[in-house]
Amino acid sequence: MFHPENMRDFAAAALGSGPADTPIVSPVYADLHDLPPVLLHVGSTELLLDDARRVHEQILRVGGECSLRVYDDVPHCWQMLFPFMPEAVASLREAANFIDASLANAASHVGVDVPVAR
């Protein structure tokens, strides 16, 4: 789990000697123009919650489409607890529906039928 006490250790392991403020490390620093629709899921107690909000707001600011869903009191990577945790089931189901809808919307713009996976 990410905790304030171990964030520097995780960052050092991920970054090595590289800078932390680059797009390859965090989308907070990326050019977020021209993205397809984006769905962000984050926990209400997650240390990355503010970053998720910043990315969401930046995508909207540049005219993109983004949905942000904050799940109450779930651990980082809670989706890995599927099917044991109801929030994991809900998150993955919402992501699948989002992908289906996004593909159908994109296909309708080019006149192609896309089957919905269930």
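Hi everyone, let me start with one residue: Phe10 is partly exposed, because its relative accessible area is 40%, a value between the 20% and 50% cut-offs. Before going further, please keep in mind that this is a predicted model. Phe10 sits in helix H1, which covers residues 7–15. To get a feeling for distance, take Phe10 together with Asp100: their C-alpha atoms are 34 Å apart in space, with the two positions 90 residues apart in sequence.

Now let's step back to the whole protein. How many helices and strands are there in the protein? There are three helices and two strands, and if you walk along the sequence you meet them in the pattern α-β-α-β-α. The C-alpha trace spans about 50 × 35 × 20 Å along its principal axes. The protein has 118 residues, and 24% of them count as buried.

A few words on contacts and surface. If we take the contacts with a separation of 6 or more, 52% of them come from residues 24 or more positions apart. The protein exposes about 8200 Å², and 59% of that is supplied by carbon and sulfur atoms. On the charge side, I see 7 positive and 16 negative side chains, and the centres of the two sets lie 3 Å apart.

Next, the strands. Is strand E1 largely enclosed or open? Strand E1, residues 38–43, is largely enclosed by the rest of the structure, because six of its six residues are buried. Here is a helpful bit of background: in a regular strand, side chains alternate between the two faces of the sheet. In E1 both faces are covered. On one side we have Val38, Leu40 and Val42, and on the other Leu39, His41 and Gly43, all of them buried.

So what does E1 pair with? The partner is strand E2, residues 66–71, and the two run in the parallel sense over six bridges. To get from E1 to E2, the chain passes through helix H2, residues 49–61, and this β-α-β crossover is right-handed. If you would like to find the pairing on the screen, look for Val38, whose bridge partner in E2 is Cys66. You can also look for Val42, which stands opposite Val70 in E2.

While we are at the crossover helix, let me point out Gln58, which lies in H2. Gln58 counts as partly exposed because its relative accessibility is 25%. From Gln58 to Leu81 the C-alpha distance is 30 Å, for two residues that are 23 apart in sequence.

Let's move on to the loop between E2 and helix H3, the helix made of residues 86–110. Some background first: most residues other than glycine have a negative phi, and most peptide bonds are trans. With that in mind, which residues are joined by a cis peptide bond? They are Phe82 and Pro83, with omega at about 0°. Pro83 is found in this loop.

The loop between E2 and H3 is also the place of Asp73. Its phi is near 50°, a positive value in a residue other than glycine. Asp73 is exposed, since its relative accessible area is 60%, and the cut-off for exposed is over 50%.

Cys77 is found in the loop between E2 and H3 as well. Phi of Cys77 is near 60°, again positive in a residue other than glycine. Cys77 counts as partly exposed because its relative accessibility is 37%.

My last stop is helix H3 itself, and there I would pick Ser91. Is Ser91 buried or exposed? At 1% relative accessibility, Ser91 counts as buried. And which residues is Ser91 in contact with, leaving aside its neighbours within four places in sequence? Those are His41, Tyr71, Trp78 and Gln79. You have already met His41 as one of the buried residues of E1.

To wrap up, please remember the α-β-α-β-α pattern, the parallel pair of E1 and E2, and the cis bond between Phe82 and Pro83. Thanks for listening!

Terms used: Residues are numbered from 1 along each chain as its sequence is written. This is a predicted model: local features need pLDDT of at least 70, side-chain atom pairs count only at pLDDT 80 or more; totals for chains, interfaces and linings use all residues. Side-chain values use heavy atoms; hydrogens and water are left out. Helices (H or I, at least four residues) and strands (E, at least two) are DSSP runs, numbered from the N terminus. Buried means under 20% relative accessible area, exposed over 50%, partly exposed in between (1.4 Å probe, protein chains only). Contact means heavy atoms within 4.5 Å. Accessible areas come from the Shrake-Rupley method with a 1.4 Å probe; for residues, only the protein chains shown count as cover. Lys and Arg count as positive and Asp and Glu as negative; His and the chain ends are not counted. The place of a charge is taken as NZ of Lys, CZ of Arg, CG of Asp or CD of Glu. Two strands pair if DSSP finds at least two bridges between them. A crossover is right-handed if, with the strands pointing away from the viewer, the path from the first strand over the helix to the second runs clockwise.
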